[in-house]
Structures are given as C-alpha cells and as structure tokens.
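Colleague: Could you take a close look at one part of this model for me, the contact between the two chains, and then follow chain A inward from there?

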Amino acid sequence: MNAAIMKNNAQLNVYADFPILQQHNRGKPIIYLDSASSTQKPQQVIEAITHFYSHDYANIHRGMYELSERSTTFYEETRTAVKNFIHANHTDEIVFTHGTTDAINLIAQSYGRSTFQAGDEVILSEMEHHSNIVPWYLLKEQMGIVIKVIPVTDAGALDMDAYQQLFSRRTKLVALTHASNVTGVINPAKEITDIAHAHHVPVLFDGAQAIAHILVDVQAIDCDFYVFSGHKLYGPTGVGVLYGKQSLLEAMPPYQGGGGMIETVSFSKTTFASSPQKFEAGTPPIASVIGLQAALQYVNAIGIENIFSHDQFLLNNVEHRFADISGLRIIGLAKPKLGVISFVLDDVHPHDVSTVLDHEGIAIRAGHHCAMPLMERFRIPATARISFGVYNTQQDIDAVVNAIQLAKRLLT
Amino acid sequence: MSLRDLYQEMIIDHGKNPRNKGILSSANHSHIGHNPLCGDKIVLYVFEQNGVVRDIRFEGVGCAISVASASLMTESIKGKTFGEFEKLFDDFHHLVTQGNEKVDMGKLAIFAGVSEFPIRVKCATLAWHTLKAALVDDSKSISTE
C-alpha cells in the first residue's frame, strides 16, 4: 500500500475506505469505537462480495461446470490466504466455521467429547468471553468434566504462578483467550503453551480480539488450536476459522453430519472425508469466505505491524487523556494490551455514559461484554468500553473526552 | 431530542437519591429482576395486605434511568391494588415505547424521552417487570430479555 495510508505519529489514514463511516449518527458524524464487538467493512470487502455474487457464484465442491469450479477455486484460495495469514503449516489445518463461538463449540463437542472422560480437567481463566466458558460448561453437564480457572491480577493480567499450580494428571486442555475483549490485555501465548506442553496438555487460543491487532504466528506460538471470526477482522459475519494441528484434526470425529463432509454414504455405513472437509458439513457461507479473503488482503496491504503501531498510538493517547479525567478508572492496566479500553466513571453508570456518547455520534459498548466472571472479579456490574479499528483517529479521542466531560456535567 | 429531554432533573435526582431504597423486613412478596444486557440487578420487596401494596422497597444498582424508574415506581404504587398496578404498568409501557401519555401519568411522564432510545426501554421497565412478577408470586427470577 502507498505511503498515504500512514499519517504522522504512526496513525493510519484509511478512514475513506469505509463507506458506512461517511454518514451521521444522531445528526453528528459517526465515530465508531466498537470494533472489539465487530469491525466495519472497507469498500474492498463490500465490492469483493458484490463482485463474487455478480460474476462467480455457484455452490462449491459440487458442480461439474465452470462457475462452480471458479467458486471452489476462490473458496480454497481463501483457505490458503488464512494459512499464510496465521503462518500455519498446511491448508488442511484451516477449517471454516461460522465464527469463533462455533469453532470453540466444535472443539468442545468433537475433540472434547471424543477424548475427555468424567473428572478430566479443562483450564480456563477469569477473563474469558462467555463463548469460551459456556461450551465447556455444556461438556461439564454432558460428561462431568471439571473446569479449573486461572485468576486474574488486579492489573488484569493472568496470574501465571496460579496457572502453573492448576495442572494435574487429569488436565486435558488449556483454553484461553489470546487477548481480553474487556481490558485488551494480551496473554503471553508462547509461555502459556510451553508450560502446558511441559505437562503434555494441548492449548486452544481464542483469537477473536487479537487477530485484528497483532501478528499471529501459530507455529511460533506452537498452540494446538487457534480460532477467530471474520467479522472482527474487517470481513463479513458468518465465517470464522478453526486452526488445528493436522494430527489433532485428523483424529477428531465430525462435529456435524451432512453433505460435503463424507466419502460414501449408505444407511448401514458412512465414511467421512478427511479434514478440513470433515468439519464443513453443508453448504458453507461461500460469499462470506470470499469476503474474508478480501479482508485479509486489505489487512495485509496495510500491514499488521502498522495496524498494531496505530492501535498503540491511540491506546497511549487515551491512557494519557483519561488520566486527567477525575473519577475515571481504567479497568486492567497490565501491558501489553490491544487498543481496547474499559473504564468506569464515579457516579455515572456505563449505560448512561454510552447514551450520552451515542447522542454525540460516538458508538461505544457498555455492559458486561459477555464476560460476567471478569466483572465479578473487579466487583463492577459493567464497564464502558472503547475499542479501535484502523479507521479511528486522534480526533475521535478528543470527541470521546469531551463527551465524557459532558456526561459528568449532566449526570453528577 | 436533547439529552436533557431524556435526563430530566427529576430522573437525575431519583437516580442519585432513590426513594424507598433498602430491605423491607415486613415484606411478604419479593422478587429478583435481571437485565442480562447490562448485568443490572434489582430486588423488590413488597408488603401486601388484602390485595393492596402497603409498602414497597428495592435494592440494586443500575443506570440513572433504571434506578429513577424503580424509585418513582415505588412512590406511585403505594396504596394501589394489584389491578391498579397492572393498569399503570400498561400505561407506563405505552409511555416509554410510544413517547406519549395514554392517561395523565403525573411525575412518571418524565420517562417519555426513553422512547427515543429503544435500547433503554429495558432499563426503564426492569423494576416494573420485577414488581409484576413479585405480585403474581412467581418464584423464579425474571429478566427483561
């Protein structure tokens, strides 16, 4: 990408790529600060999907005709693009799912149910999103596994000493978020994996947040599973990725049955395709997969390192500016962290903060962020959260600071 | 629609200094309400005699809208029968979703601005749903979802 994408001070200049941001929210220019929930889509992704439906669409892996071949080629090219993006070893290690949640459920129901026994233990942490808690809770109900939880420090980091103490002969999996969707704190993935592997325990990382901000190299981390969603990475909803080491995926039974995942079917005996097709039953969200490819191209063109620098520039700016607002407390100051900042204001509930900001054209998230155990940990019912994408600017932070001051004047 | 239309002085006052806050030891009905959207929780205590709400208190934390709504609801419900409450509940729901008064709502009319922010209707009605559940003596906790 040309030099125009970078402004001074490590700031990106790609706002114009996002048509949705060229409009107003409650009569004011939109300032979108909820990318941790879902990112907006650049024109390049929107056009790729439109172009695909206009020129190349047909079902994949089915038709003996040119359109289907073309569609299949683009679909499988995306698998290669994902493999390269996360530095996997082989395309067979990339399974398309419907999202992060779907991928974790797949691992729980396929890997978990086929290898765990009652009394076996899974290690999670206090900072997990509900999507990395509830699938394991379901397994607990279904087969009596035991959930162990790594505590989080006051600064919002994993208590690594406590983590090491949680292993036992029954530990069968470590399933952790790569970075918190509430505090943005990035977990030491390689160290976590090394410790688990020393106990011969595989590791799953929930990369829903990390994937859009930092370089992910699954071979360098050496994790066994890595999952993420397309829609938090400037791609469409409905598509996610499960990375799994080939030996694990090959040994796992299918998650769902249907077309596309079989070798032969009869009423007495069905044999399954090998991975990744084994896990992709039914017609997948083909156009969303194509859109994901465009999103990866978009991110690659900017450069994930540039995105991280931009993110850190904005993060430092927010931390600096927020320090001057009396009664404001940031939840989770541990470093390193992504550009995801949760805060609480004395005497103003996060919902009211969010409504005042909304009125000023600023979209943020307020609530428990699907992380009720972490809210409990910090003894707060909710936080207000701002989170950055490539389109955010320093001016957005000025607007947030002004709106927070307005909320304080209005409500205290 | 200005923010002041939503956050009127009386809402801010009741949000900061809620009336009828605390545990009611004489309560013969109580109920817990949740708003899973934001994690807010409210507990309502009611002392009822011959179908009339004689006393009512609440506990919990929440946004200015939900606390003010709980506070003003407790003020307006004392001395009312279950039937009168149900009528008021319907009128209040109409107010916060349609933005106008079907009947004279008195002080409660200040919540009309909530209708401009549909996502906040759940905040404004949490206490009301919880009271409704308390009075029909449903033993389960309720949620606005």
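Modeller: Sure: the contact draws 15 residues from chain A and 14 residues from chain B, where two residues are in contact if their C-beta atoms, placed from the backbone, lie within 7 Å. Keep in mind that this is a predicted model, in which local features need pLDDT of at least 70 and side-chain atom pairs count only at pLDDT 80 or more, while totals for chains, interfaces and linings use all residues. Residues are numbered from 1 along each chain as its sequence is written, and chains are lettered from A and ligands numbered from 1 in the order in which they are written.

On the chain A side, the elements giving two or more residues are α11 (350-359), β16 (365-367), α12 (372-377) and α13 (394-411); helices (H or I, at least four residues) and strands (E, at least two) are DSSP runs, numbered from the N terminus. α11(A) gives the most, with five residues. By class, that side has eight nonpolar, six polar and one charged residues. Here Ala, Val, Leu, Ile, Met, Phe, Trp, Tyr, Cys and Pro count as nonpolar, Asp, Glu, Lys and Arg as charged, and the others, Gly among them, as polar.

Now for the inside of chain A. It splits into domain 1 (3-32 + 304-411) and domain 2 (46-300), with bounds from an automatic or database domain assignment. Their centres, taken over C-alpha atoms, are 28 Å apart, and 24 residues of domain 1 are in contact with 23 residues of domain 2. The domain 1 side gets two or more residues each from α10 (304-322), β14 (340-345), α12 and β17 (383-387). There α10(A) gives the most, with five residues, and the class count for that side is 14 nonpolar, five polar and five charged.
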